[in-house]
Amino acid sequence: MSLLRKIQISTGIAWVEAPEAGLRILCGCPADSVKHLMKRGLILPIERNGITFETGPNAILLSDTLLQNGDFANLAEFPVLQMLYRQGMTLPKHPNNSGIRPLLIGLREQVNAQMEYIHRGNYGLVSEAEMLAAGATREVAREMLALKNKFSFGNIRTPKEFLDVCIVGGHPVEVRNGLFVRRLRINLYEFMYHDETITVDLQLAPHESYQSPYPLGFHRIPRDYFSVIHSGEGDGWDINRPSMGSIVVFQGRIYLIDAGPNIQNTLLALGIGINEVDGIFHTHSHDDHMAGLTSLIRADHRIKYYATSLVRRSVTLKLSALSGIKPSRFADFFAVHDLEPDAWNLVDGLEVKPLYSPHPVETTVFHFRTPWENGFRSYAHLADIISLELLEEMTTPEPGTRIADDEPLGPAFLERIRHNYAIPADIKKLDIGGGAIHGVARDFRHDTSGKVILAHTALPFTNEEKEIGSGAPFGTVDLLIPAYRDYWGAFALNFLSIYFPNVPEHQLAILVNNPMVEFNPHAIILKAKQIPENLYLILSGSVEMIESSQGARGLLYAGTLVGEIPGLFQVQSVQTFRTASFVQALRIPVSLYAQFIRANSLDREIEQLMNIREPLKEKWLFSEGISDPVHNRIAHHTTIREFAAGTTLNTLAADKIYIVAQGRLACELGQDLLETLESGDFFNEGTAAYQVPPICRIRALEKVTLYEIPWELLRHVPIVQWKVFETNEKRKEMLLHGEVNAHDPFRWHDAFSVDVRDLDIHHQKMFQMGAKLHTALESAAPASILREVALFLKGYAEFHFQSEEKLLFARNYPGAESHRRLHRELIATLQEMLDKMTCEEWKNGEELSRFFQGWLIDHILVEDRKYAEFLATHTLSPR
């Protein structure tokens, strides 16, 4: 019998089992990984001692990189919840509680990120100060904190209290009970038990993506004046349906309510492209309602984000924990609009009222309304809510006690929530998930709404529930106000006016006055090597652009004009265009379009665009999700630069991104080759996007042609900014943990210099001590030697930090205070590790080495080199 077993579950997800060691490891945990395990029968209900609970993993191996091909690779919130509660691993007196805690395995930076993200997912804002800073009144903050204490049974715990961690590196590390793991390279791991080994590769291939656990089919969705599309009635455990969500259609525009896991598949099934989404109304920060936010970043415009300031802050802090992106940068990806709670807010003509709902994290339910005959038509979306019986228990004092005068929870609070839940609407969808944090149908037995829809459950409705509310299968629509105008024509005119900003509307009307056509899913619009007779302006849905000879594929959305260049110039199309969903399009005859171009003297402009825009479309950075008007804007501001072979590129602009059009470049650190850049690759993003001075030397290996594009233009295109962020993170990971530093991770490079002699000497000394630590580990030195080296490093780091901070404050460096906070966090983390050594809890010496490597290189390359340029231009302030 095999001692180790591996099952490939889905793309980027595997299962490793070592029965004798008592370990069942979920390898890779992107969105909905628990549902994949359920589908494969690796999570099953069982009964022991009269108690039913689930089987499943007891450890999680994390991806080395937080993002893979645009999606979060590590979302451990629901897998951890499944282990803690559905398996009962930490429940008191539970038959499956053996005292062994769930385990997170991976690189230190990924483990730490998951711990903070899980903490935020459990509790949201965790102090009165955080709530006040987010805009809460003191009364509201006290009320919410009191509720959080009720939900947590009076003990807000950090993940360190219920999770164990195993930090992995290049040397074998014992996970538990004789099972060892080591990291071979980025996202490639080897498990060892006795004389058996297996490898797990978590790396996605280019153009590969994480898969949804359920098929959704394809649906035609009308663009009504006011309607509700039901896009999810399940919960985070439903293996057949998306989590609870809705889409509000208002005046033909698309607004999401929440963005759960695999939202891109939901939109694809409904024939809605990402670029068609006007906005999202967000209820709260649990993963089954927010894991799809990154998919909405794949638009060519900032989608509007509507939530109360408390919900927004809770969401951005959780995203920041997960990604490292500062909460303030959330506005780089979304157009943020804070909503006033308990008041009607006007959103593009639609009235919206958010009302507070008791939940472990900051949560609001939403009411929508718009004027119509005899008053208003309305929709209420109640996710997530609480059982009124449970809330009554929370707000009722123990027998023999009375409510204190300053008690934030009490009968008045209960009645307010009861009243808010009972507000009638024409259609009301509500959470009936039950348990400790969700609602129940019986609270709405006497609800006076026109129609009650039950959702947020993986269970079939009981007869009692069927008597109270309706179901709403995926893709069904509740129409509130019909449309009596043609929205498709209006959309077409709007796209064309952006595409041709200087052409009068009466000329654009010539193009709009053509037939609207609908394509079924998987239909070919234009084949490669075909000369088109018609152009198609995509108005709705998604279209694949395929060039199989180059291994290229991209998704195109509304605003794309398929066949324009081959049609105008009567040449064969290079790509095949194939629908990925139902698609609405405006069909324009090539002959009419050519006449329109000539009549408006656009021939030269189109030809110039063709020479830059079309090649740019083929590059990965711009290959998907960008409409033609945005492509045009980018092409207009693109400059072509050429360099001879052997040239070192010393004249790059600090505020530009460079894309390789032709040729090859070497990215070098000292004498080491970090990366070879080829056609389609881009660089200089660290300097342009993150203001970090370049560390690598860029040298042309042959004659090179580059596209130079202003970052100020690209930073307003979310999908581009997200790809730049992902690439920058991968390059940092490659520098820290790649093959260049594999054998000598503490090698000093002149490029690390901050041009301040004393500080450079300090940095070099710390690198020398890091190298000594690495050597001690390689030679299996005893813990006493490792501790001695580590203590010296800590003491020297504190001395260096004091010197550095003194200089930064003396020079009035704007980031001096935040830099000092970073120093304190680093020292605190190091002290925690040393404390573990003292208590003999620290078993992995390589953990300390990797911590120093990441600390020294990442801190110096990013934070210290930011102040280097400032110090070079600012003298000491007068005393």
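Here is a short chat about the predicted model above.

Reader: Before we dig in, what kind of model is this, and how are residues numbered?
Author: It's a predicted model, so to speak: local features need pLDDT of at least 70, side-chain atom pairs count only at pLDDT 80 or more, and totals for chains, interfaces and linings use all residues. Side-chain values use heavy atoms, with hydrogens and water left out, and residues are numbered from 1 along each chain as its sequence is written.

Reader: How many helices and strands does the protein have?
Author: Both are DSSP runs numbered from the N terminus: helices are H or I over at least four residues, strands are E over at least two. On that count the protein has 26 helices and 42 strands.

Reader: What radius of gyration goes with 879 residues here?
Author: The radius is taken over C-alpha atoms, and the globule rule is 2.2 Å times the number of residues to the power 0.38. The rule gives 29 Å and the protein comes close to that, so it is as compact as a globular protein of that length. The radius of gyration is 29 Å.

Reader: What share of the residues is buried?
Author: Buried means under 20% relative accessible area, exposed over 50%, and partly exposed in between, with a 1.4 Å probe and protein chains only. Of the 879 residues, the buried share is 58%.

Reader: In the open sheet 28-35-30-33, which strands are the edges?
Author: Two strands count as paired if DSSP finds at least two bridges between them. Pairing in this four-strand sheet is antiparallel; strand 35 (residues 583-589) has four bridges to strand 28, and six to strand 30 (residues 534-540). The edges each pair on one side only, and they are strand 28 and strand 33 (561-562).

Reader: Which residue of strand 35 is the bridge partner of Glu 518?
Author: Glu 518 sits in strand 28 (residues 516-519), where it points to one face with Met 516, and neither is buried. Val 517 and Phe 519 point to the other face and are buried. In strand 35, the partner of Glu 518 is Gln 584.

Reader: Which residue of helix 14's contact with helix 19 comes from the charged class, and what is the packing angle?
Author: Contact means heavy atoms within 4.5 Å. Helix 14 (residues 487-499) brings Phe 495, Ile 498 and Tyr 499, and helix 19 (residues 628-636) brings Asp 628, Pro 629 and Asn 632; they divide into four nonpolar, one polar and one charged, with Asp in the charged class along with Glu, Lys and Arg, while Ala, Val, Leu, Ile, Met, Phe, Trp, Tyr, Cys and Pro are nonpolar and the others, Gly among them, polar. Axes are lines fitted to C-alpha atoms, for helices over the stretch in contact, and angles run from 0 to 180 degrees between N-to-C directions. The charged residue is Asp 628, and the angle is about 5°.

Reader: Is strand 9 paired in the parallel or antiparallel sense with strand 10?
Author: Strand 9 (residues 103-106) has Leu 103 and Ile 105 pointing one way and Leu 104 and Gly 106 the other, all buried. Leu 103 stands opposite Ala 59 of strand 6 (residues 59-61), and opposite Asp 164 in strand 10 (residues 164-167). Strands 9 and 10 pair over four bridges, and the sense is parallel.
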